[in-house]
Amino acid sequence: MSSHSAIRPPNFAILVDAVALTLNDSENMTTLTNDSDLEVTTNDVAVQALDASKCYGDAETLVRALDNVNIEFNAGQFTSIMGPSGSGKSTLLHCLAGLDQLSTGHIWFGDTDLSTLNQQQLTDLRRDRLGFVFQSFNLIPTMTTRENIILPLDLAGQKPDQEWFETVVDSVGLADRLRHRPNELSGGQQQRVAVARALVSKPDVIFADEPTGNLDSRTGKAILSFLQEAVATFGQTTVMVTHDPVAATYADRVVFLKDGRIEDELLNPQVDHVLAAMNRLDG
Amino acid sequence: MDTKLVRHSFRQLLSNKVRLALTSFAIVISVAFVSASLTLSTGISDVIFGWGETQAAGLDLVVEPESPFAPKNFEVSPARVSDDTVELVRSVDGVADARPTLWSNFLFRPTKPDGELVDDKFTVSTFGWVEGSNFEIVDGSPPRSNEFTLDIDTAEANGYIVGETYDMTTPTETRAMRLAATTQFRDPNGTTAGQVVQTISMDELQTELGQPGYVNIHINIEKGSDRSSVEAALQQALPEGLVVLTQQEARSNLRELVAPYAQGFSGGLLGFSALSLFVACFIIYNTFSVLMQQRTRELGLLRAVGASPRQIRTSIQIEAIVLGLGCSIVGIAVGLGISYGISEMFHSAAGFPRPDLALTPTAVALSLLVGTLATLLAVTAPARKACRVPVVNAVRGVQPDTKKTPTVRFIIGSLLAVAGIVSITVGLTADATTRSTVLLLGVGSIFVFFGVALLNSLWIARCSQVLGAPLARLTNVPGRLARDNIGRNRTRSASTAASLMIGLALVSLVLVVGESFKATASTGAESAYKSDNILYNQWDYKYPIAVAEKLEALPEVEQTVAISIDLAEIDGEVQYLTVADQQTASDLIDFDVSERSDMLEGVTHPVIVTEREANEKGIKLGDELETRFYNGTTVELTVVGINRNNAAGGSSYYIDRSTWFEQTKQTTVDIVAIQSAATVTESQFETAMERFEQANAQVNVETIDDFIASTERSINTSLQTINAMMFLAILISFLGITNTLALSISERTTEMGLLRAVGMRRKQLRKALRYEAFLISLFGSLVGVVLGIAFGVGSVVAIPASIVNSVQIPVAQIVILVVLASAASVAAAAVPAWRAAKRRTLDLVNA
Ligand SMILES: Nc1ncnc2c1ncn2[C@@H]1O[C@H](COP(=O)(O)OP(=O)(O)OP(=O)(O)O)[C@@H](O)[C@H]1O
Ligand SMILES: [Mg+2]
């Protein structure tokens, strides 16, 4: 599909803001960028949908939630998915993440065809190679912040890399909240914990379904900046569903869905371009 | 509005089939047990009382010896109603007919056509044949010498043929007797109460009993004569020691006689049903509190659009009443099935007669009431709570804050526990009568129990942290989730655990008491006898002393001592005593006398008392003990010795056989201690004993060790029967665990979706849920076992030392019990855990 070049968002000021907001230790930043693991790779395809269709219901009540979708998400790229309600955004995300099965077509996760995996392999793939951020209810109420963050590692029986853990925690600004439980955190803090959890296992891709849908715009911005920062700094491939044109501009690329089909796509999106594209979609 | 709400409420109820099924199940099963217990206890009382009714049927007056209390197994001596008495009664004006009656329930047991002893599990009652009695011949003629008759039921069930000859065993021999007739009761309502009822000729029965005379005289008065004047005339004519009873009095005497048995049965059953109701209430309450929590949001919505809390409560209560009533009706039907099952169990385990099981109006009404009321009570508190949640929180689905310390619970719980402990302490220490001790202990235990059940919610979270620590370390996430989930709704976890706690507390209580009882019985038997063998009747009935004499005549036998065990009222308290010949007893019985009076020679009615009893009652050497026997005669027993051991047979008093015979005229014995001759080898002795047993089919010879083993076995059997019932209660609590878990799982659907989305495997999720059940049940079991052991030890201390004198805690059995209970609850949780883990992740996430 689209040829891709290393993209930096033009609104650099916001990025600087976000870094200032979330990172208070620039030394950490330096050690991070020097880490060979985290070298920004730009041209590999992280995840890809080929002729993907998803239907619900039987002959009479047939709903084509996804209709022959072809799309790829490059490693290190931040993509937003937009579209009217019911256009199939969540369905696409769920299928990409192996939470749901396609009716026809394939999802390639790196070199792996998801349709060849059984349930347990899919579970393990989610645990080891994917990160999730949902709109709400992201955390286990009985677990502390720390436990919630390292949950995927715990499930795999792995010890967290302490340095990386601290980096992630510091960057989301939760260092002093590690012993708190979800009901002692604000909604924004809870979402930040969810993002930290998504990052901690160094996943190939983070999927986020309206991660700021429940937050006020300021808190939402902080989360988005942080995601953007993670993409920029760690080369974290990220796919995010959103309804908010401003939120969409934090991404390198916006994909528009309608009736289960990809209708449009923008690179380096600006708010007015996104709004124009949405108008075209409605028209 | 209200009817709309109610309709909505029902639609809501019907919309979730699994939830409805689980809720209904809890109610149905509890009502089933209540109605089963009621039906069974009526049925069984009818059987037991029916026997008395049958015997009192069709007579006007009864003449019988005065008897302040019933002797062991009602085995009365016939000596006090003689032929002269019968003649005297017949001569009284207005007496139309006077029939002497005589019966025994130990002497004769016929073999069946297939050669086996008839019905070796239940009683055989043998009556002396009297013309005009309440027996009626169905087929054949009255029994003459060497003939017998059988009740038609037994005859038909076993294929007896009138006119054929069968082997009849008596304690002293087996002889051939001809079946002269089959009989039935003249009274159409007459019942054999599941016994074998036979008659033989009066002469033969008297000969076998070793005495002439009768048990009592049944009288019919002349038509037209006044019953009370005949009664007065009879009383005038009769010698002292004989009393005249009206049919009413005779009937109520008979009732009184068997009442303890009926009460024992129905008391046990009702206790059991109270227990299952108790457990069921916890389950119903749990179920509804989960349901209400799940519906808080929906109820909040209703309140947001203007329904008042009162309207909502009413609609929920109406829902509960309808549900409770419906389920109670089903429960009554299921209960009838269960009662059939239990009566079959009794029948095959103990040969107990199958009662007529019919639903009485009382049972139906009570079951309906209990089921409906329990459901109504169970919903009230949760509904109230659901309405107390602020509307905003309810609509937004904010979880109630469970961190808050439930102070009311704490106060009530502590008060109950303290009151219970005080009551138990008073019961154990105060110098009270047995009845009030039992009452204090019982009430105290119930208080402690409720108190602990309430307090459990305070420490269940902390306890599960400790108990779950190894699990969390071992399995990490699943273990930790399980451990921490228990603390999320402590009240609910605690009441889930409570239902198991009750069951295990009772089982371990029974185990402790039973084990202590067993230990007392076996050390008693071990230390009481110096002989190497023992003769006894397997049905615990008496047999003629002639058996002991026959044994002693054998060359293989060195010596025998015959022992009778019976009841007497000593110093105002009816107690067991042991009868033995004081000249020879010490040869084979180890008295281990600690103090002996040297005035033995001059004493006519000596008694030896155990040290423990003497200390308890303050009895000293030379004391006179006022003693009354079952036939009303009284003597002063003189204490001539204090012995360390319990008496043979477990009583606290030894009296001389001459005293016993003088007072009761009984010549029957319970146990014969046998010393084998030194001149014979073991195998020679065994052969001789086998030959003896063959000739005397109703008695067994066993070595002391075997005798102890078989005593323990029979104690075990009764313990097992009690525990089988308890296990049913425990079973209900497992259902409760499954139920609560299943419901609370549906509360956490989204959370489980999240876990699955971030990579929790199905297996790990199942594990987490099973561990949760495991921890709750482990907590419940442990608290239950601790309470049970404490109550058990308390009971052992409270039970008179003559019955139980050593505290035994069967640690291994209790550990096995806890392990089994935990394993079973893990198994019980497997189903909801499997169901939850089976669901697609996406469905969970989107739920
Ligand atoms: N389980 C299901 N059964 C039937 N139809 C479904 C199911 N899940 C989704 N759909 C349908 O598939 C289509 C796409 O749904 P999807 O949830 O992907 O939309 P969306 O773009 O995420 O919408 P929104 O912005 O409202 O979240 C919709 O028409 C929806 O009704
Ligand atoms: Mg969606």
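User: Taking helices as DSSP runs of H or I with at least four residues, and strands as E runs of at least two, both numbered from the N terminus, where is A:Lys202 found?
Analyst: In this predicted model, A:Lys202 lies in the loop of chain A between α8 and β7, the latter covering 205–209. Its phi is near 45 degrees, which is a positive value in a residue other than glycine, and the residue comes just after α8(A).

User: Is A:Lys202 buried or exposed?
Analyst: Neither of those two classes applies, as A:Lys202 has a relative accessibility of 32% and counts as partly exposed.

User: What about α8 itself, how many of its residues are buried?
Analyst: In α8(A), 11 of the 14 residues are buried, so that the helix is mostly covered. The buried residues include A:Gly188, A:Gln191, A:Val195 and A:Leu199, and A:Arg197 is also one of them.

User: And what span should helix α8 have?
Analyst: Helix α8 of chain A runs over residues 187–200, and at 1.5 Å a residue its 14 residues should span 20 Å, because the expected span takes one less than the number of residues. The C-alpha atoms at its ends are 20 Å apart, in agreement with that value.

User: Which residue in strand β2 of chain A should I look at?
Analyst: A:Asn68 is placed in strand β2 of chain A, which covers residues 63–74. Although A:Asn68 is not a glycine, it has a positive phi of about 55 degrees, and with a relative accessible area of 46% it is partly exposed.

User: Okay, switching to cysteines: how many disulfides are there over all chains?
Analyst: The structure holds zero disulfides over all chains.

User: Why does A:Cys55 have no bond to A:Cys95?
Analyst: The cysteine sulfur closest to that of A:Cys55 belongs to A:Cys95, but the two are 11 Å apart, which is too far for a bond, because a disulfide needs the sulfur atoms within 2.5 Å. As for accessibility, A:Cys55 is partly exposed at a relative accessible area of 24%, and B:Cys463 is also partly exposed, at 28%.

User: Now the whole chains, what does chain A have in helices and strands?
Analyst: Chain A has 11 helices and 10 strands, and buried residues make up 54% of its 283 residues. Among its contacts with a separation of 6 or more, 71% are between residues 24 or more positions apart. Its accessible surface is about 12,200 Å², with 47% of that belonging to carbon and sulfur atoms.

User: And the secondary structure of chain B, what does it come to?
Analyst: Chain B comes to 24 helices and 24 strands, and its C-alpha atoms fill a box of roughly 95 × 65 × 50 Å along the principal axes. Of its 847 residues, 54% are buried, and residues 24 or more positions apart account for 84% of its contacts with a separation of 6 or more. The accessible surface of chain B is about 35,700 Å², of which carbon and sulfur atoms hold 58%.

User: How many residues does the contact take from chain A and chain B?
Analyst: The contact takes 24 residues from chain A and 24 residues from chain B, and the two chains bury about 2,300 Å² between them, 61% of it on carbon and sulfur atoms.

User: What is the count of salt bridges between chain A and chain B?
Analyst: The count is three salt bridges. In a salt bridge between B:Arg480 and A:Glu147, the closest N and O atoms are 3.9 Å apart.

Terms used:
Residues numbered from 1 in each chain as written. Chains lettered and ligands numbered in written order. Predicted model: local features only at pLDDT ≥ 70, side-chain atom pairs only at ≥ 80, totals over all residues. Heavy atoms only, no water. Buried < 20%, exposed > 50% of the residue type's maximum accessible area, 1.4 Å probe, protein only. Contact = heavy atoms within 4.5 Å. Areas by Shrake-Rupley, 256 points an atom, 1.4 Å probe, with all protein chains shown as cover. Buried area = accessible area lost by both parts, 1.4 Å probe. Salt bridge = Lys/Arg side-chain N within 4 Å of Asp/Glu carboxyl O.
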